[in-house]
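Biologist: Could you walk me through this model, one question at a time? I would like to hear the reasoning as well as the result.

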2 protein chains.
Amino acid sequence: MHRTALTATAAVAVLLAAPAFADDAALRADAASYFEPVPMNAPALNGNVATRSRIDLGAMLFFDPRMSRSGIFSCNSCHNVGMGGVDGLEVSIGHGWQKGPRNSPTVFNAVFNIAQFWDGRAPDLAEQAKGPVQAGVEMNNTPDRVVATLNSMPDYVEAFKAAFPGEVDPVTFDNFALAIEAFEATLITPNARFDQFLQGDDNALTAQEKRGLQAFMEEGCASCHAGVNFGGQEYYPFGLIEKPGAEILPAGDRGRFAVTETVDDEYVFRAAPLRNIALTAPYFHSGNVWKLEDAVAVMGVSQLGADLSDAQIADITAFLHTLTGEIPEVEHPVLPARTSATPLPDDM
Amino acid sequence: MHRTALTATAAVAVLLAAPAFADDAALRADAASYFEPVPMNAPALNGNVATRSRIDLGAMLFFDPRMSRSGIFSCNSCHNVGMGGVDGLEVSIGHGWQKGPRNSPTVFNAVFNIAQFWDGRAPDLAEQAKGPVQAGVEMNNTPDRVVATLNSMPDYVEAFKAAFPGEVDPVTFDNFALAIEAFEATLITPNARFDQFLQGDDNALTAQEKRGLQAFMEEGCASCHAGVNFGGQEYYPFGLIEKPGAEILPAGDRGRFAVTETVDDEYVFRAAPLRNIALTAPYFHSGNVWKLEDAVAVMGVSQLGADLSDAQIADITAFLHTLTGEIPEVEHPVLPARTSATPLPDDM
């Protein structure tokens, strides 16, 4: 259990307000020790200048299925901006109808994660963007073919020049990734009802949602799922207290072990960020749990050793729904027309 | 060759203007006897009231991959609003990585076609919308499963109520199709350079493009490719004069014969609408021709018996590029969140 002392200001407020407000102030102060609201604007990026030109180029690349070998999959295929930033599948389907190994994480607020992918193998969104493009079971492309595709279309070349001014040869795979990062950093979801509560609106949450928030902190969920993203910051073994069944934690996927090759990192994953979790079923890296209530129950047993009551699960689930923020408005970009130099789609 | 007499007004203009204008006026008058500009606003629909609510619902449905059994394909997958309303593939790839039988036609300005599909088997866009959803090689879904999916999400139910006010049970497969039609009818591309020329701007076309327009009419292309959509109005045998090779006209696809079962309709297809043709490679129902110049040459031989010169082909191709209009701005819709009642994606 974690609870901070009332601040002087809050204490004064308690004296002046009805009892319900005293509870709200304490709950808010407690929550503020764990969580931060999603900012209203995209954060600054490390080593990337998110100009309007770069963001616009990134949007084009994000939506362009010609970045895949087959011409079928774009970033948006698995990180759909209309569906909570995910594809809503257990695991994504890619080139040749192959299944990927893990559930597609949301692109929304991903910029706030300490690293990308379930095992944190990419330090930032730019590095992440290079992965699925090349993965044989996903977009199955190569950096050279991506660059050749981009160079074949004058409108893309112009867009790269505008996005990376002063560079002699701006059409590179690295710049492709930087532009996508600049766009993805704009995909943030501020003003969730929880954030409204955190910033002072007592009425933003219902009584049940407040009980859920309280339980989320008291039962220990917030130990791993904290910060602006309610997770995404550190790595923990899945099954800290009790390993879940193989359908949820397949033995073949040893998580961060593949990154660090350290025994301590077997079945270790980055704590999943929980912003917009009500939109991103199914859950866990295996994507085998479809109901949020069930996911909460699994977490209670596996990570906390807590056999949460049905009422607690309902409360926490209700609270988690308040993490759904304002979905960014995204205009579908107009993509450059292919030319006779553009590599043909290849579905083999 | 087709050429109309100068109107009185145009004749006066000839007297007052430089010789170049006299040619332009005659060319414009000739063109006006074949073609109409794309209107600035969506046309009225037969049996469908395109309210804002209905259009917005249609946009959601158009972009929702959960309308497919696998959860992967939406209407936009094959009729990409960022890519000229097509997928840029020879033939579309659908459920289980199966290939469809024909090249995906553009959704842009499709509302102006007399009927939908290459063989015109759907009388309107609403009827068309029901096809790919159910086709085994495309979205592989059923009307019942679509309706169950929609009914499982309260936000969809509300959207249908708003789009079809007064109906007791508005969530139906018919209304699904009507909403998509209402949205698709907004996907029109006015103000192409050709339309600007047609409406009086002599400078909207270059000299080469004007020669191409002239040739397009004189050589007979405009006999089939006329009207607002430069085609899409009538049916003609592919190979009227000379059958193209089997790679372009596969023997197994007998076109409109499958609709009418009339011998006269063997290898008959609806004349392809040519608006935005520069954006919609590859060409023909087989999608086997990637270069617009090559498509023009094939048409010359097969439909006109004309062995067009390289210069004519270049001119006509240049002219066809002027049929690219203003691409509609489309905001990617936010889609309703699934519930525990939503059918699970099924990729089998």
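Modeller: Happy to; what follows is a set of questions and answers on the interface, the core, and a few chosen residues.

Modeller: A word on the ground rules: this is a predicted model, where local features need pLDDT of at least 70, side-chain atom pairs count only at pLDDT 80 or more, and totals for chains, interfaces and linings use all residues. Residues are numbered from 1 along each chain as its sequence is written, chains are lettered from A and ligands numbered from 1 in the order in which they are written, and side-chain values use heavy atoms, with hydrogens and water left out.

Biologist: Let's start where the chains meet. What area do chain A and chain B bury between them?

Modeller: Buried area is the accessible area (1.4 Å probe) that two parts lose on being put together, summed over both. Chain A gives 41 residues to the contact and chain B gives 41 residues, where contact means heavy atoms within 4.5 Å. Of the area, 71% lies on carbon and sulfur atoms, and the total is about 3,000 Å².

Biologist: Which three residues supply 23% of the area that chain A buries against chain B?

Modeller: No other three residues supply more of that area. They are A:Trp97, A:Trp290 and A:His332.

Biologist: How many salt bridges does the rule find across the interface of chain A and chain B?

Modeller: The rule asks for a side-chain nitrogen of Lys or Arg within 4 Å of a carboxyl oxygen of Asp or Glu. B:Lys99 and A:Asp347 meet this way, at 3.0 Å from N to O. The pair runs from the segment after α14 (310-321) of chain A to strand β2 (residues 98-99) of chain B; helices (H or I, at least four residues) and strands (E, at least two) are DSSP runs, numbered from the N terminus. The count across the interface is two.

Biologist: Is B:Lys99 buried or partly exposed?

Modeller: Buried means under 20% relative accessible area, exposed over 50%, and partly exposed in between (1.4 Å probe, protein chains only). B:Lys99 has a relative accessible area of 47%, so B:Lys99 is partly exposed.

Biologist: Now the interior. Which residues have the most contacts inside the largest nonpolar core?

Modeller: A nonpolar core is a set of buried Ala, Val, Leu, Ile, Met, Phe, Trp, Tyr and Cys residues joined through side-chain atoms within 4.5 Å. The largest has 88 residues. A:Phe176 touches, among others, A:Met67, A:Val133 and A:Phe160, not counting residues up to four places away in sequence. Those with the most contacts inside the core are A:Leu61, A:Phe176, B:Leu61 and B:Phe176.

Biologist: Which residues of helix α6 of chain B are buried?

Modeller: The helix spans residues 143-151. What covers its buried residues includes α3 (52-63), α5 (125-134), α7 (154-163) and α8 (173-184) of chain B. The buried residues are B:Arg145, B:Val146, B:Val147, B:Thr149 and B:Leu150.

Biologist: Why does the salt bridge of A:Arg28 and A:Asp202 tie together parts far along the sequence, and how many residues apart are they?

Modeller: Their closest N and O atoms are 2.6 Å apart, and both residues are buried. A:Arg28 lies in helix α2 (residues 19-34) of chain A and A:Asp202 in the loop between α9 (193-198) and α10 of chain A, so the parts that the pair ties together are apart in sequence by 174 residues.

Biologist: With which side chain does the side chain of A:Lys210 make a polar contact?

Modeller: A:Lys210 is found in helix α10 (residues 207-218) of chain A and is buried, with a relative accessible area of 16%. A polar contact is a pair of N or O atoms within 3.5 Å; within protein, one must be able to donate a hydrogen and the other to accept it, and residues adjacent in sequence count only if both atoms are side-chain atoms. At 3.0 Å, the partner is A:Asp24.

Biologist: Last one: which residues of chain A are in contact with B:Val330?Modeller: B:Val330 sits in the segment after α14 (310-321) of chain B and is buried, with a relative accessible area of 4%. Its C-alpha atom is 8.7 Å from that of B:Ala59, 271 residues apart along the chain. Leaving aside neighbours within four places in sequence, the contacts of B:Val330 include B:Phe63 and B:Phe183, and from chain A they are A:Glu331 and A:His332.
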